[in-house]
Amino acid sequence: MDQYRVFGNPIEQSRSPFIHQAFAQQTQQNLAYQSQLVPLEQFTHTVQEFINQGGKGANVTVPFKEEALALCDHLSERAELAGAVNTLIFKENKIFGDNTDGLGLVQDLLRQHVVLANKRILLLGAGGAAKGVMLPLLAQNPSAMVVANRTVSKAQQLCQQFANDKITACSFEQANQQDFDIIINATSASLNGAIPPISADMINAETVCYDMVYGAALTPFLVWAKAQGSEHIIDGLGMLVGQAAESFSLWRGVMPETANVLQVLRDSLTAS
Ligand code: NDP
């Protein structure tokens, strides 16, 4: 049976084994997928060991996505621009690296009928998650993409990498003076119960507000956006399932259907 893993530290919280086993069952693929806790200094060794055992591919999560990039013989353009790899494919004695986080986000937005073409997007944050979603978002042809970050220099650095005149970097204060159709929170602020300091004036009923973080309850950003009148608030659970579906498709050549798996995960979150 073909073997796959997700490598991370910590890893016990990972829902990837559940998601991939559900995809395998749905698409009748004969595979096993397990999570593996990797000691901080042993990422390369662990991957090599798995390859030697015949492993076919792996997902990589915090804190190894940059190390995974350095390990690859070949990278997708997405992974190269993101500076991070979340999907490894082992084939013909080579390691291929890709990054499916951004595809997962776009897939989730489109599934929820959010139009990205010719829309103005505000991306809050300039960390690994923001970086990873920029190319797939740009591929949807928005009219503008503004990256606002607490540390403005990081947003500027990120935007320079893309050399695309649709993208600009700014502070939260500067973002507050503009209008946006879609606001994507790619900061980790929600994890600490915080909200990026953006203005309530930016939100109306039509503004799509997306938080990459998810949980049993609405995230602080989504609670705030709803209170300001947004009727389109979405958390990152669909992005998680979407990125997994894209990885699965890279490995197996078949794109699983995500709605059922997402519903089961949503139910298990709210029941916990
Ligand atoms: P990083 O640590 O690389 O970046 C964190 C970002 O958040 C930085 O831009 C940082 O700003 C900003 N930030 C942190 N706290 C605050 C705050 N209180 N106010 C304003 N900005 C803040 O993290 P990642 O980019 O890897 O991840 C970001 C989030 O996205 C995480 O919560 C992660 O769980 C989520 N995520 C979800 C995925 C999914 O599938 N749903 C996939 C990947 C990530 P500064 O630069 O100034 O420090």
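Helices here are DSSP runs of H or I with at least four residues, strands are runs of E with at least two, and both are numbered from the N terminus. With those labels in hand, you can start the tour. Keep in mind that this is a predicted model.

**Stop 1: the loop after α5**

Select Asn118, which sits in the loop between α5 and β7 (residues 120–124). Most residues other than glycine have a negative phi, and most peptide bonds are trans. Asn118 goes the other way, with a positive phi near 60 degrees although this residue is not a glycine. Is Asn118 buried or exposed? Its relative accessibility is 59%, so Asn118 counts as exposed.

Now step back along the chain to His113, which follows α5. His113 also has a positive phi, near 60 degrees.

**Stop 2: helix α5**

Select residues 101–111 to display α5. Which residues of this helix are buried? Colour Asp101, Gly102, Gly104, Leu105, Val106, Asp108 and Leu109, and you have the buried set of α5. Next, show what they pack against: two of the partners are the helices α6 (128–138) and α10 (237–252). Helix α3 is another partner, and the strands β10 (182–185), β11 (208–211) and β12 (232–235) belong to the list too.

Zoom in on Asp101, a member of α5. Asp101 has a relative accessibility of 14%, and because buried means under 20%, Asp101 counts as buried. Leaving aside residues up to four places away in sequence, Asp101 touches Lys65, Asn86, Val133, Met239 and Gln243. Show those five side chains as sticks and look at the surroundings of this aspartate.

**Stop 3: helix α2**

Move to residues 43–52, which form α2. Colour Phe43, Thr46, Val47 and Phe50, the buried residues of this helix. Turn the view until you look down the axis of α2: the buried residues fall within an arc of 100 degrees, so they line one face of the helix. An α-helix has 3.6 residues a turn, so residues three or four places apart point the same way.

What covers that buried set? The cover includes the strands β1 (2–8), β2 (31–37), β3 (57–60) and β5 (87–91), along with helix α3 (65–71).

Pick out Thr46 within α2. This threonine is at 5% relative accessibility and therefore counts as buried. Beyond residues up to four places away in sequence, Thr46 touches Phe7, Gln36 and Val38. Before leaving, select Gly54, which follows α2 and has a positive phi near 100 degrees.

**Stop 4: α1 against α11**

Show residues 16–27 (α1) and residues 259–271 (α11) together. Two packed helices are described by the angle between their axes and the distance between the axes. In this pair, the axes come within 10 Å and cross at roughly 145 degrees. The crossing of α1 with α11 is right-handed.

Which residues make the contact? From α1, select Phe18, Ile19, Ala22, Phe23 and Gln26; from α11, select Val261, Val264 and Leu265. Seven residues of this contact are nonpolar, one is polar and none is charged.

Continue past α1 to Gln28, in the loop between α1 and β2. Gln28 is not a glycine, yet its phi is positive, about 55 degrees. With a relative accessible area of 72%, this residue is exposed.

**Stop 5: two cis prolines**

Select Asn9 and Pro10 and look at the peptide bond between them: this bond is cis, with omega near 10 degrees. Pro10 belongs to the loop between β1 and α1. Then go to Val62 and Pro63, which are also joined by a cis peptide bond, with omega about 5 degrees. You will find Pro63 in the loop between β3 and α3.

**Stop 6: the cysteines**

How many disulfides are there? A search of the whole structure finds zero. Cys170 is in no disulfide, and the nearest cysteine sulfur, that of Cys159, is 8.6 Å away. Cys170 is also buried, with a relative accessible area of 5%.

End at Cys209. Its sulfur is 16 Å from the closest cysteine sulfur, in Cys170; a disulfide calls for sulfur atoms within 2.5 Å, so this distance is too far for a bond. Cys209 is buried as well, at a relative accessible area of 0%.

Terms used: Residues numbered from 1 in each chain as written. Predicted model: local features only at pLDDT ≥ 70, side-chain atom pairs only at ≥ 80, totals over all residues. Heavy atoms only, no water. Buried < 20%, exposed > 50% of the residue type's maximum accessible area, 1.4 Å probe, protein only. Axes fitted to C-alpha atoms, helices over the stretch in contact; angles between N-to-C directions. Left-handed = near helix turned anticlockwise from the far one by under 90°. Contact = heavy atoms within 4.5 Å. Nonpolar A, V, L, I, M, F, W, Y, C, P; charged D, E, K, R; others polar. Arc of directions from axis to C-beta.
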